[in-house]
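Student: Hey, I've just opened this one and I don't know where to start. Can you walk me through it?
Tutor: Sure, let's look at it together.

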Amino acid sequence: MFDPNQSLSPSPSRFVCEIGGQEYLIDADTFEAAAQQAAQRHAAERDIEQGTFTVNVAEANEADFPLIAGNDYTVTLPA
């Protein structure tokens, strides 16, 4: 039965994002959003305030492994 109080927006997907050999599991709505979040986390862990990163993003399976080879996304973090 339809519940009118249930959210119709899709739940975020889980992505495996790789930057420079470091992998991050990211929950996001899109591949681009996952790349952005991974770049921000990567930069924060290294005290980097700005820069351009290439992030490989693949959708994760139930075991948090990439389903297929990912695609590269370029993310620039402004100062």
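Tutor: One thing before we start: this is a predicted model. Of the protein's 79 residues, 27% count as buried.

Student: OK. What does the secondary structure come to?
Tutor: One helix and four strands. Following the sequence, the pattern reads β-β-α-β-β.

Student: And what order do the strands have in the sheet?
Tutor: The order is 2-1-3-4, in an open sheet with antiparallel pairing. Strand 2 (22-28) and strand 4 are the edge strands, each pairing on one side only. From one strand to the next, the twist averages 35°.

Student: Which strands does helix 1 touch?
Tutor: Helix 1 packs on the sheet and touches strand 1, strand 2, strand 3 (51-59) and strand 4. The direction of helix 1 makes about 130° with that of strand 2.

Student: Back to the strands. How many bridges join strand 1 to strand 2?
Tutor: Seven, with strand 1 (residues 13-19) and strand 2 running antiparallel. You can pick out facing residues there: isoleucine 19 stands opposite glutamine 22, and cysteine 17 stands opposite tyrosine 24.

Student: What about the turn in that hairpin, how many residues sit between the strands?
Tutor: Two residues lie between strand 1 and strand 2 in the hairpin. Glycine 20 takes a positive phi near 55° there.

Student: And how many bridges join strand 1 to strand 3?
Tutor: Four, and strand 1 and strand 3 also run antiparallel. One facing pair to look for is glutamate 18 opposite asparagine 56 in strand 3.

Student: I clicked on glutamate 23. Is it buried or exposed?
Tutor: Glutamate 23, which lies in strand 2, has a relative accessible area of 52%. The cut-off for exposed is over 50%, so glutamate 23 counts as exposed.

Student: Which residues does glutamate 23 touch?
Tutor: Leaving out residues up to four places away in sequence, glutamate 23 touches Val16, Cys17 and Glu18.

Student: How far apart are glutamate 23 and asparagine 56?
Tutor: In sequence, 33 residues; in space, 9.3 Å from C-alpha to C-alpha.

Student: Switching topic: how many aromatic pairs does the structure hold?
Tutor: Two. One of them is phenylalanine 31 with tyrosine 73, with ring centres 6.5 Å apart and planes at 15°.

Student: Why is that pair called stacked?
Tutor: Planes under 30 degrees apart count as stacked, and these two rings have their planes at 15°, so the pair fits that label.

Student: Where in the chain are those two residues?
Tutor: Phenylalanine 31 is in helix 1 (residues 31-45) and tyrosine 73 is in strand 4 (residues 71-77). They are 42 residues apart, so the pair links distant parts of the chain.

Student: Are those two buried or exposed?
Tutor: Phenylalanine 31 is partly exposed, with a relative accessible area of 28%. Tyrosine 73 counts as buried, because its 18% falls under the 20% cut-off.

Student: Which residues form the aromatic cluster?
Tutor: Phe15, Phe31 and Tyr73 form one aromatic cluster.

Student: Last topic, the surface. What area does the protein expose?
Tutor: About 5500 Å², with carbon and sulfur atoms supplying 49% of it.

Student: And what share of the contacts is between residues 24 or more positions apart?
Tutor: They account for 38% of the contacts with a separation of 6 or more.

Notes:
Residues are numbered from 1 along each chain as its sequence is written. This is a predicted model: local features need pLDDT of at least 70, side-chain atom pairs count only at pLDDT 80 or more; totals for chains, interfaces and linings use all residues. Side-chain values use heavy atoms; hydrogens and water are left out. Buried means under 20% relative accessible area, exposed over 50%, partly exposed in between (1.4 Å probe, protein chains only). Contact means heavy atoms within 4.5 Å. Accessible areas come from the Shrake-Rupley method with a 1.4 Å probe; for residues, only the protein chains shown count as cover. Rings of Phe, Tyr and Trp (its six-membered ring) pair if their centres lie within 6.5 Å; planes under 30 degrees apart count as stacked, over 60 as edge-to-face and the rest as tilted. Two strands pair if DSSP finds at least two bridges between them. Axes are lines fitted to C-alpha atoms, for helices over the stretch in contact, and angles run from 0 to 180 degrees between N-to-C directions.
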